[in-house]
Amino acid sequence: MHPAPPEGPLDALDRALVQALTLDARAPFARLAEVLEVSDQTVVRRYRRLRTTGLVRVVALPMGRRVGLFESWLRIQCAPDAALPVAEALARRPDIAWVTLNSGGTEIQCMTRARTRQDRDALLLEKLPRTRRVTGITAHTILRKFFGGPEVWAGLDVLRPDQVAALERPSPAADGPLDAAGPARYALDATELALLAVLGQDGRAGYPELARATGLSESTARRRVERLRDAGAVFFDVEIVPAQLGYEAEATLVLTVPPARLAEVGAALGSHPEVPFAAAVTGAASLMAVVVCRDTDALYTYLTERIGAVPGIQQVELIPTLRNVKRAGMLVEDGRLVDPPPAAP
């Protein structure tokens, strides 16, 4: 059992509902109410409040390499007065899913999810280099994820084991090696892209809405969504700004690890409840992880006691996160999640 999570704006039932959604984001409200041992109306009311106030959003996201996306982690250095405008411009791009301001406010970090190599290269080789006041760009290809995506972050740990078991879904096909021993590439068709366009804004959109958006019958829309989930082509992400749960210290860890120890160290980090994302990357350092802690003191303890105890790590760079600008495709304003405006032409 992990330590009790810190306090935040969400009460115990809110946290239980959010954790339940991480286990099955599209579970019917009646099923959620049964597991949480409250009335249907209570669950509906709580969820609508959390969503309409921007505290929680459920969204569907494609599974990276499984559907052929080109995923990269970018570190962009800017003049101090340019970092926020550049970060906000990046956040308006639909091919960029996460954007943060880091270090002393002169570095932007973001995750790209380009559909084609040409789209990725246009951003890296043309648009960013021509952006005024950008002084440096480092691009790191995501080689292998050790944690993140469909895995459930342990920052919420309020449900009983029997409640977890009642909602937990089987793991989808892994986002692992695409060879004879691993899952084949899944090609999204036009109908599935239309489904994702709706579910990417509201992961709990009803089947009547999905049917209207795609021209499918409701039963066919249901089958399509389930097929995408079962194939591991799509996962449902429950997004929340960690500060709303009382986690005030966020940072990026950049680790240098010899190749022979990379899988071992990556798996170790992926097992830490403080880490919602960890991946092997290209570049001088070989591993990056996002770390979320209660406060800076807890971050120091994590660095010295947890990271310090993992064998095989040669060097560590700790980069504090100053501001979340975009999370899972949504802008962050005053700690709340809002839909981004349409991308500029």
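Q: What makes strand β7 and β10 a pair?
A: Strand β7 (residues 249-256) and β10 are joined in the antiparallel sense over six bridges, and two strands pair if DSSP finds at least two bridges between them, so the criterion is met. Within this pairing, Ala 251 stands opposite Pro 320 in β10. Strands here are DSSP runs of E with at least two residues, helices are runs of H or I with at least four, and both are numbered from the N terminus. The model is a predicted one, in which local features need pLDDT of at least 70 and side-chain atom pairs count only at pLDDT 80 or more, while totals for chains, interfaces and linings use all residues. Residues are numbered from 1 along each chain as its sequence is written, and side-chain values use heavy atoms, with hydrogens and water left out.

Q: How do you know that β10 and β11 pair?
A: Two bridges join β10 to strand β11 (residues 330-333), and the strands run antiparallel; the pairing criterion asks for at least two bridges, so β10 and β11 qualify. Arg 327 has Met 330 in β11 as its bridge partner. The two strands form a hairpin with two residues between them, and Ala 328 in the turn has a positive phi of about 50°.

Q: Why is the contact of Arg 51 and Asp 202 called a salt bridge?
A: A salt bridge is a side-chain nitrogen of Lys or Arg within 4 Å of a carboxyl oxygen of Asp or Glu, and the N to O distance between Arg 51 and Asp 202 is 3.8 Å, so the pair satisfies the definition. Arg 51 lies in helix α3 and Asp 202 in the loop between α7 (190-199) and α8 (207-214), 151 residues apart.

Q: Why is Asp 202 called buried or exposed?
A: Buried means under 20% relative accessible area, exposed over 50%, and partly exposed in between, with a 1.4 Å probe and protein chains only. Asp 202 has a relative accessible area of 19% and is therefore buried, whereas Arg 51, at 24%, is partly exposed.

Q: What makes Asp 230 and Arg 169 a salt bridge, and which parts do they tie together?
A: The closest N and O atoms of Asp 230 and Arg 169 are 3.7 Å apart, which is within 4 Å, so the definition holds. Asp 230 lies in helix α9 (residues 218-230) and Arg 169 in the loop between α6 (161-167) and α7, so the pair ties together parts that are 61 residues apart in sequence. Salt bridges that share partners join Asp 24, Arg 169, Glu 226, Arg 229 and Asp 230 into one network.
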